[in-house]
Structures are given as structure tokens and as C-alpha cells.
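Reader: Take me through one part of this slowly, please: the aromatic rings, and then the elements around them. I'd like the numbers as you go.

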Amino acid sequence: MKKMRLYRLLLIIFVVSISLTNWNCVKKENKINKNKESFSLSFDSAQVETFYSKYPKLAVYKKQVVLLYQKNRYDYIWFDKNGRRETADVFYNKINNLFEDGVIGKVPYNETFESLFQKGSDVPDVEFDLFLSNYYFYYANKVLRGIDKSKTNELGWYLPRKKLSYVTYLDSLLIDPKFIDKKNQHIEQYYKLKAVLKRYRAIEQKGGWDSIALPTGFVSIKPGDSSDVVSKIRTRLFLTGDIDVDSGGKFYEPSLQKAVLKYKKRNGFILNKTILPKHVDEMNVPISSRIRTIIVNMERCRWISTDVTKAKEFIAVNIPSYRLTYFKKGKAVLTSNVVVGNMMNKTVIFSGMMSYIVFSPYWNVPKSIVEKEILPGIEKDGNYLAKHNMEWEGENIRQKPGKDNSLGLIKFLFPNNNNIYLHDSPAKELFNAEKRAFSHGCIRVEKPKELANLILEDDSNWTPEKIDEAMNKGEESWYTLKNKIPVYIGYFTAWVDDEGNINFYKDIYERDKRLTAMLVEE
């Protein structure tokens, strides 16, 4: 009986102790929840002014930051009731890895931000929140948008810039932080250049490549030759992946010849197996310079709307590569060499809508050419106009249609204030030159008939035979396209092809250096 009472007493004590423990846990949890609920999810807007007084280098983002907080009624952006948002950690990593996107320069006050981040508090912190909001716009401007439109206009870049509200864009990131890593923020070329940048930096960290010294009197290396220079070229091309194995051999044999052809193609040289001093000079360009070129062209990619490549068809001309590419349904259906404007008559970087094709065109000679070239010619030779198949048209001079017409047998018009268009040319030999900046600004096309055939292939009014007849008729005729075609004239000195090979082109209008300076200033 006594044992039974003792047992009941122990049971009561156990139940009471468990109840007290549970009550204390519930009380503690309620207290924690109550504390969380007591966190203010908004702050006094006056603290924004205090922040910029303390960190004036970030004031450039003040307008965007204020809009962001006004939109959110001065609620914390990077905290919620559960503490710091996951997106805050994502942007912390982005800010610390800006070099991967080719951003030049040091992030202002990064040491201060680092110390705030490492505190790891779940309690909302105004300074931290404002820091991250400013860094978000820093990232948006540096990585997503690129330098301001006013500065790109200074560089003569008049292609339409992409438009996006980064205040609104942040809403998507707060919902899904991984959205920032999707490869849809830029055109595909940006991500290809980014991958090559990583590869070239790895080469640089291992010491880059040595300059190849040429012996006095060096003229060339031809297949079958043997020399120490051949061995050095082999090592150089191995570093950039043009040849798979560096055997160290001094003999200029077939595998190296193939590598040289690949290298020449990537660097805009005429494709033959002879190695000249200019080819070695190009190999000697320091890897640091190549990295800067990649970074500069990643910046140019930031300015291009992703909608461009979504078009059903479009024509792209890259001035430094002297090349035109016609895309249909996302695939290149034609690639053609082109001749572009010389240094005194630079081809303008802009876009237009191709609307007309002119067969057997007249060439209405620009007044500048009339004054500088034709009038002096007439003074020297009274038959100058007749000899050049030209005539007066009112107060202007024009060249009659025909095979010797400066516009060739066909031109493609996309009306613009720059009076630039695509056209044929009787000077076919110029398309074989390595440097093809010879024109007065317009773009001469090596394959104009092929271009016309592709443009009009779905038009029942035309056949290849009719196109050829119209081109050679000797009478000017205009045709209005049923579907206008976007034409983009761009300027890229580095471009990664579909095989992943990086191509470098001469900066013929000397624009890279100025853009690099702008990126450093930003």
C-alpha cells in the first residue's frame, strides 16, 4: 500500500515537471516570437540623408535608392520577420566577385560593408540595409546596364540601349534570388566573353606568355622551315588552345600549320601558312591587353537589348571584323566580307530598318566628294564626267547605272540621317585585303546578289533570275520590301564564335582606349 502511494507521488511529480518544462519552452518561444514581431520593419526616411552624409561616394545612387524605399514605404528591403533575406547573401557574393564580370575599380566602402555583414544579425540594421540597396544599384549599373547612355553617345554608339527599371527588377530578385544567375540578362555573347575572360585570367596567373624575339633580318617562316622561333610560336599557340600539344619541336610541320591558320582566322589575317613579322607581333600582344579588350567588349554587350537576337530576321555588321552576317530564325544564313568607312569617314554605329532594294542604282555623288575630287578633276579634264559615266542632275552630279558604278549593281536602303546604306562595288579586289576601311562611310558588300536572293526568297514577285536581270538592266528600279529587316551596325574588337574561339580584331577607329578610361572613371 505504501509502495502504491509512493509510486503515485513520483508519477505526479514527473507529470508536473514535464508540464513546467513545456510551459517554460512555450513561454520562451512566445517571447522570441513577440520580440520578432516587435521588430520595426520600417525606418525613418531621415536616416537616408544621414547615410549619404557619412558615405558620400555612394550619393550617385541616391535618386534610385530613394525611389526604391518610397515604393516600399521605407520598409527594410533586405530583412523580413525571419531576419536577413537570402537575396542579401546572394548580393554579398556578387559584390565580392565583380571581377568575374570584368568590372574595373574598387567598390567604395567595401571594408565597412564587410564588417557589417559579418555581424550576422537577424535584427534589421538601417545602415546595412542602405549599404546593400546602394550596392544593388552599383551592381545593376556596372554589370547589368553598363555606363550611362550620354557617355556611349560620346563614343559614337547610337544603337538603341536596352530599357529596364532596376527598381522594379529587384522585386523579382527578392522573390527568387537565383534569378540573377540566369543567362538572360544579356545577349549570349556576353556570357561567352565572360567564360573566355576566366580562361585568360587563369593563363595570366600562370605567368601569361613570353614575347617572341625575332632574329635580325627575319623575313618569314614557311612550311618545312626549322628554327627556334618555330618552337616559341608552338608554345605560344599551345597556351591559347590553337594547338593541343606543345612538343617543343622546331620544325614547322602540318599540325603547327593548322594551328597557325586557326590563329590567323581568330585575328583577322589572310589565311595562308606563311608566318610574317606582323603575325608574331600580334602574338606578342600582352595577355593583360587581351583581357582589357575582352572586358571592353563585355561592356558593349551590356548596351544591347536581348530583344535584338529574338527577331525573326536581322542583319548585323561588325565594323572591326569587316563582316556582315544575315540571321534568319536564329541562324546565320549568310556571312559576307564588307568594306567600311576609313578613319576620316567612319561608319556610324547605329541601327535602321531595311525597307528598299534599288537595282541598277544611280550614284548621287555627295557634295563633299564633288568638291574634293570631282570638280578638281573636271578642271584638269573637260571629259572627266563622260569618262566616269557621270552627268549633271540639276546642281548635283550623279553616276549612271552600270557595272562600273561606284555602288555596283544593287544597293540596300534603311533610311537614316547618316545617309549610310549597303551596296555592291566594282572594286572586288578590296574584299581580299586584310584591312578593309576604304569607303566614305557606306558599307560595300562582297556578296550582294546572295544577300538579295535571301532577302527576297519568300517573295513571290522575285526569282534569282529576275533579280539578276534587274541588277544588270542598266535602268534604276526601286522595290519596297514586304517585311522590313532590322540592320545593326556595331563595333566589337573581340568576339567569341560558335565554336568557343575568341576572335580579336584591330581597333580601327581607336575606340577601346577611350572606353577603358570611362570604365576606370566609373
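**A close look at the rings**

Author: Let's start with Trp-495, which is partly exposed because its relative accessible area is 31%; the cut-off for buried is under 20%. Bear in mind that this is a predicted model. Phe-492, with a relative accessibility of 8%, falls on the buried side of that cut-off. Keep those two in mind while we look at the wider picture.

Searching the whole structure turns up 39 aromatic pairs. One of them is Tyr-166 with Tyr-169, an edge-to-face arrangement with 5.9 Å from centre to centre and 85 degrees between the planes. These two tyrosines sit three residues apart in helix α8, which is about one turn of the helix. Tyr-166 and Tyr-169 are both buried. Now back to where we came in: Phe-492 and Trp-495 make an edge-to-face pair too, with ring centres 5.2 Å apart and planes at 70 degrees. In this pair, then, Phe-492 counts as buried at 8%, whereas Trp-495 is partly exposed at 31%.

What else is buried in the helix that carries the tyrosine pair? Helix α8 spans residues 166-175, and its buried residues are Tyr-166, Val-167, Tyr-169, Leu-170, Leu-173 and Leu-174. They end up on the same side of α8 because they take up an arc of only 150 degrees around the axis. As for what covers those buried residues, the list includes α3 (62-71), α4 (86-95) and α6.

That last helix brings us to the nonpolar core. The largest one holds 121 residues, and the members touching the most others are Trp-78, Met-354, Phe-359, Leu-422 and Ile-455. Helix α6, residues 126-145, is the biggest contributor, giving 13 residues. A separate core of 16 residues lies apart from it, with Ile-233, Leu-237, Leu-256 and Tyr-263 among its members.

Rings also show up with charges over them. Lys-57 lies over the face of Tyr-109, 5.8 Å from the ring centre. Tyr-109 is worth a pause for its backbone as well: its phi is positive, near 60 degrees, and it isn't a glycine. You'll find Tyr-109 in the loop between α4 and α5 (110-118). Its relative accessibility is 19%, so it counts as buried, with the limit at under 20%.

The other charge-over-ring case is Lys-411, whose charged end sits over the ring of Tyr-421 at 5.1 Å from the centre. Lys-411 also takes us into the strands: it is the partner in β10 that bridges to Val-358. The strands there are β6 and β10 (residues 410-413), running antiparallel and joined by four bridges. Strand β6, residues 351-359, has another neighbour in β14 (residues 477-490), again antiparallel, with eight bridges between them. Ser-351 bridges to an aromatic residue of β14, namely Tyr-488.

Follow β14 a little further and you meet β3: those two run parallel and share four bridges, with Ile-315 opposite Val-487 of β14. Strand β3 (residues 313-318) is largely enclosed by the rest of the structure, because five of its six residues are buried. It also pairs with β4 (residues 323-328), antiparallel this time and over six bridges; Ala-316 has Thr-325 as its bridge partner in β4. Four residues lie between the strands of this β3 and β4 hairpin, and a tyrosine there, Tyr-322, has a positive phi near 55 degrees.

While we're on positive phi, here's one that isn't aromatic. Asn-389 has phi at about 55 degrees, again without being a glycine. Asn-389 belongs to the loop between α15 (384-387) and β8, and it counts as partly exposed, since its relative accessibility is 33%. That loop leads to an open sheet of three strands, ordered β7-β9-β8 and paired antiparallel. Its edges are β7 (363-364) and β8 (390-393), each pairing on one side only. Between β7 and β9 (residues 396-399) there are two bridges, and Asn-364 has Arg-398 as its partner in β9.

Technical notes. Residues are numbered from 1 along each chain as its sequence is written. This is a predicted model: local features need pLDDT of at least 70, side-chain atom pairs count only at pLDDT 80 or more; totals for chains, interfaces and linings use all residues. Side-chain values use heavy atoms; hydrogens and water are left out. A nonpolar core is a set of buried Ala, Val, Leu, Ile, Met, Phe, Trp, Tyr and Cys residues joined through side-chain atoms within 4.5 Å. Buried means under 20% relative accessible area, exposed over 50%, partly exposed in between (1.4 Å probe, protein chains only). The arc is that of the directions from the helix axis to the C-beta atoms. Contact means heavy atoms within 4.5 Å. Rings of Phe, Tyr and Trp (its six-membered ring) pair if their centres lie within 6.5 Å; planes under 30 degrees apart count as stacked, over 60 as edge-to-face and the rest as tilted. A charge sits over a ring if NZ of Lys or CZ of Arg is within 6 Å of the ring centre and within 35 degrees of the ring normal. Two strands pair if DSSP finds at least two bridges between them.
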